[in-house]
Amino acid sequence: MVSPPPGAAAAAAARTWLRVGAAPRPLMGSQGGLGPPGNGGPGEGESGETRKLQEGRAARGKRRKGKGKGKAGAGQGGRGSGAEGKPEPPLEEAAELGAEAGARAGLGKTGEEGGSVEEGARRNVRGDEGSARPRKEAKGRDDGKKEEWKVRTGQREKARPARAQGRGFQAWGRLAGSGAAMAAAAEEEAAAREPAGRHAAGPALLRLPEELLLLICSYLDMQALGRLAQVCRWLRRFTSCDLLWRRIARASLNSGFTRLGTDLMASIPVKERVKVSQNWRLGRCREGILLKWRCSQMPWMQLEADSLYISQANFILAYQFRPDGASLNRRPLGVFAGHDEDVCHFVLANSHIISAGGDGKIGVHKIHSTFTVKYSAHEQEVNCVDCKGGIIVSGSRDRTAKVWPLASGRLGQCLHTIQTEDRVWSIAISPLLSSFVTGTACCGHFSPLRIWDLNSGQLMTHLGSDFPPGAGVLDVMYESPSTLLSCGYDTYVRYWDLRASVSQNGFLRPLGKLGWRWRAPPNLPLHHLLLDRKCVMEWEEPHDSTLYCLQTDGNHLLATGSSYYGVVRLWDRRQRACLHAFPLTSTPLSSPVYCLRFTTRHLYAALSYNLHILDFQNP
C-alpha cells in the first residue's frame with residue numbers, strides 16, 4: 001500500500017479543520033488517554049500525559065500574558081496549537097496547522113503503514129521544511145496588521161481633542177491615507193481651536209466682510225447693539241469695537257468726547273463709558289463723603305490724573321485716589337503752604353501750583369519738590385488766578401487785573417496792569433493764548449464780562465449789555481477758543497459764541513444791496529457797540545439761587561453748584577430745563593457749593609464742611 005504524500009495529508013487535514021471547526025478541549029480520563037480515539041499512537045502512555053500537562057500550563061501562562069490573544073486547543077497526537085484570538089484563522093494558517101499535525105501523526109503510525117521510525121522522522125523534517133515558508137509569511141502578515149492597528153489607534157487618540165473641541169464641525173471619523181485629506185483635517189482642527197471664531201457656515205450676516213458689517217452696525221442704536229451682542233461670542237466681541245460706539249458716545253452725556261469729537265478718555269473702552277453715561281442721564285448715583293473738616297471753609301479744588309488737590313485755610317493738600325476712584329488715601333501726599341491768609345483760588349499748570357491768597361500775594365509751588373515762591377501782587381485779596389503757556393493772570397478786589405510771567409528768572413515782574421473799574425471775581429485765559437476774559441461785580445460797568453488783549457492789555461470786546469446792577473460773574477471758563485460759559489449772581493448760566501456778532505437795540509440796520517450801516521446810540525462809545533455780543537443760549541436756576549461754580553464735559557453736560565443747601569444740578573445743553581438736582585446738605589447745615597469737578601464716573605463737590613462724591617459708576 002502506497003502512503004500518500006505529506007502535502008496531500010496536510011491539505012486534507014486543513015479541509016477537515018475548516019469544515020468541522022476548531023478542535024474541542026481534550027478530556028483527560030483516568031487511564032491517561034488524551035483526545036478522541038485514533039489520535040493516540042501505540043507509543044503514548046504515561047509520558048504523553050505528563051507532556052500534555054506541561055503544554056497546558058504553558059498555554060495558560062500565555063493566555064494570562066497575552067490578555068485574550070487566544071485559547072490553547074488540543075491538537076492531534078496530544079499536541080496543541082494556539083489561535084491568535086481570532087474567530088476563524090485564514091486559509092494559509094489552516095494549511096500550516098494541518099501540515100504540522102500530519103507530520104507529527106506520522107511518528108506514531110509505523111506499525112500500520114509499514115514505515116520505520118527513521119522514515120517518520122524524515123517525513124517530519126520534510127513537513128517542517130514545507131510549513132516553514134507559510135509560517136513566516138503568516139507571521140509577517142500578523143506583524144503588518146499589528147503595526148496598522150497601532151497607527152490607527154494612535155491617529156484616533158490624536159483626533160479625540162479635535163472631536164471634543166469641534167463645536168459643530170465634522171468629527172474626525174475617518175482618516176484618509178491621501179495627503180489632501182490629511183491637510184484638510186489639519187485645517188479643520190486649527191479652525192476648531194480658535195476661540196469664539198466666526199462660523200464658516202451660518203446666517204449670511206456672519207459671512208459678510210468685517211468692513212461691511214461695521215458699516216451696517218453703525219446705523220444701529222444702543223439697544224439694538226446690546227441685543228446683537230447676545231447672539232454669540234463672536235458678535236459680542238465684534239459689537240464691543242470702539243468704532244461702533246463713538247457715534248452713540250458723542251450723543252451721550254459725559255462720555256469723554258468733546259463737541260469736536262476729541263476723545264479725552266482714550267484709555268477706557270467707549271462701550272463702558274456709554275453704559276455709565278446712562279446713569280448720568282437718569283440721575284442714578286450713590287452719594288458719599290470723602291473728607292470732613294471742623295471749621296467752615298471756602299475750599300477750591302482741582303483734579304489731575306489720580307490725585308485731588310483741595311485748599312483748606314492757608315494750605316493746599318494733595319490726596320491720592322484709590323483704584324476705584326470713589327475713596328481717598330487718608331494721608332495726604334503733600335502739603336503746600338506759604339500764604340498768611342486763606343487760599344482763595346489756585347490752578348495747576350506745568351507741574352506747578354499757582355495760588356491766590358487773601359493776603360494779596362501769589363504763590364508758585366512745584367508739585368514734586370519743596371520749591372515755593374510768593375510775591376505781593378495786589379493791594380487787596382486776590383480772588384482769582386489762571387495760568388497757561390507760561391503766563392499768569394490775576395484779578396483782585398482792588399479793581400485791577402494783572403499779567404505776570406511764570407519764568408523763574410522773572411517771577412514777580414508785572415507785564416500789564418489793567419483797570420477794570422470793578423472788583424474782579426473770575427478770570428480765564430483763552431486757549432489761543434491771545435486774550436483773557438474777566439468777570440466782575442457789575443457795579444461800576446454795564447457789562448461784567450470783558451475780553452482783553454494778552455499782549456497789550458487793551459480792551460477787545462465785552463459780552464452783553466443788559467445785565468442788572470450787581471449781576472456779578474463768579475465763574476467763567478473757555479470751552480473752545482471761540483466759546484465760553486459764565487454764571488453768577490444773576491442765577492443764569494450763559495453760553496457765549498465769539499463768532500456771532502449781533503447788534504443791540506436795533507443799531508445794526510440792513511440797507512438792501514448796499515450792505516449794513518451802524519448807528520451809534522447816545523452816551524456810549526461806538527467801539528463798544530461794534531463789538532457787542534449776545535449769548536447764544538442760557539439756562540435759569542429754578543430756585544433763583546446764586547450759581548457759584550460750573551463745569552462742563554465739553555459736549556452736552558453742564559454741572560452747576562448753587563448757593564443754598566449744597567444743590568448740585570445737572571443740565572443737558574440740548575434742553576432748557578434742569579435734568580437732575582442733588583441736595584447735599586440739610587436745612588441746619590445749608591452751604592453753597594464752592595467748587596465742583598467731575599470725571600466720566602464720579603462728581604466731586606466741595607462745601608463748607610465736607611467734600612462730597614456722587615458715584616455714577618456703582619449707583
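## A leucine to start from

Leu215 counts as partly exposed because its relative accessibility is 48%, which lies between the 20% that bounds buried residues and the 50% that bounds exposed ones. Please keep in mind as you read that this is a predicted model. Leu215 sits in helix α7, which covers residues 210-217.

Leu215 also has company at the surface. Together with Leu205, Leu212, Ile216 and Tyr219, Leu215 makes up a nonpolar patch. The accessible area of these residues comes to about 500 Å² together.

## The chain as a whole

Now let us step back to the full chain. The chain has 619 residues, and 41% of them are buried. Its secondary structure amounts to 12 helices and 32 strands.

What share of the contacts with a separation of 6 or more comes from residues 24 or more positions apart? The share is 49%. As for the outside, the chain has an accessible surface of about 34200 Å², and carbon and sulfur atoms account for 53% of that surface.

## Salt bridges that link separate parts

How many salt bridges does the structure hold? There are 10. One of them pairs Lys374 with Asp340, where the closest N and O atoms are 3.8 Å apart. Lys374 belongs to strand β11 (residues 372-376), while Asp340 is in the loop between β7 (334-336) and β8 (343-349), so this pair ties together parts that lie 34 residues apart in sequence. Lys374 is partly exposed, at 38% relative accessibility, whereas Asp340, at 56%, is exposed.

Another salt bridge joins the side chains of Arg569 and Glu541, with 2.6 Å from N to O. Arg569 is part of strand β28 (residues 567-572), and Glu541 is in the loop between β25 (537-540) and β26 (547-552), so here the parts tied together are 28 residues apart in sequence. Are these two partners buried or exposed? Both Arg569 and Glu541 are buried.

## A further pair and a network

Arg574 and Asp572 also meet through their side chains in a salt bridge, at 3.1 Å from N to O. Arg574 has 45% relative accessibility and so counts as partly exposed. Asp572 has 6% and therefore counts as buried.

Salt bridges can share partners too: Asp340, Lys361 and Lys374 are joined in this way into one network. Two of these names, Lys374 and Asp340, are already familiar from the pair described above.

## A buried lysine without a salt bridge

Lys402 is worth a visit of its own. This residue is in strand β14 (residues 400-405). Lys402 is buried, yet it has no salt bridge. Which side chain of opposite charge is nearest to Lys402? That is Asp398, 5.4 Å away. Lys402 and Asp398 do not count as a salt bridge because the limit for one is 4 Å between the nitrogen and the carboxyl oxygen.

What does the side chain of Lys402 reach instead? It reaches the backbone oxygen of Ala377, at 2.9 Å. Leaving aside residues up to four places away in sequence, Lys402 touches Ala377, His378, Ile392, Val393, Ser394, Cys414, His416 and Thr417.

## Two positive phi angles

Most residues other than glycine have a negative phi. Asn254 is a residue other than glycine with a positive phi, near 55°. Asn254 is located in the loop between α10 (242-250) and α11 (270-282). With 3% relative accessibility, Asn254 counts as buried.

Asp544 is not a glycine, and its phi is positive as well, at about 55°. Where is Asp544 found? Asp544 is in the loop between β25 and β26, the loop that also holds Glu541. At 53% relative accessibility, Asp544 counts as exposed, whereas Glu541 is buried.

## A methionine in a strand

The last stop is Met460, in strand β19 (residues 459-463). Met460 has a relative accessible area of 37%, so it is partly exposed. How far apart in space are Met460 and Arg450, C-alpha to C-alpha? They are 7.6 Å apart in space, and 10 residues apart in sequence.

Technical notes:
Residues are numbered from 1 along each chain as its sequence is written. This is a predicted model: local features need pLDDT of at least 70, side-chain atom pairs count only at pLDDT 80 or more; totals for chains, interfaces and linings use all residues. Side-chain values use heavy atoms; hydrogens and water are left out. Helices (H or I, at least four residues) and strands (E, at least two) are DSSP runs, numbered from the N terminus. Buried means under 20% relative accessible area, exposed over 50%, partly exposed in between (1.4 Å probe, protein chains only). Lys and Arg count as positive and Asp and Glu as negative; His and the chain ends are not counted. A polar contact is a pair of N or O atoms within 3.5 Å; within protein, one must be able to donate a hydrogen and the other to accept it, and residues adjacent in sequence count only if both atoms are side-chain atoms. Contact means heavy atoms within 4.5 Å. Patches are made of residues with over 30% relative accessible area and no salt bridge: like charges are joined within 9 Å, nonpolar side chains (Val, Leu, Ile, Met, Phe, Trp, Tyr) within 5 Å. Accessible areas come from the Shrake-Rupley method with a 1.4 Å probe; for residues, only the protein chains shown count as cover.
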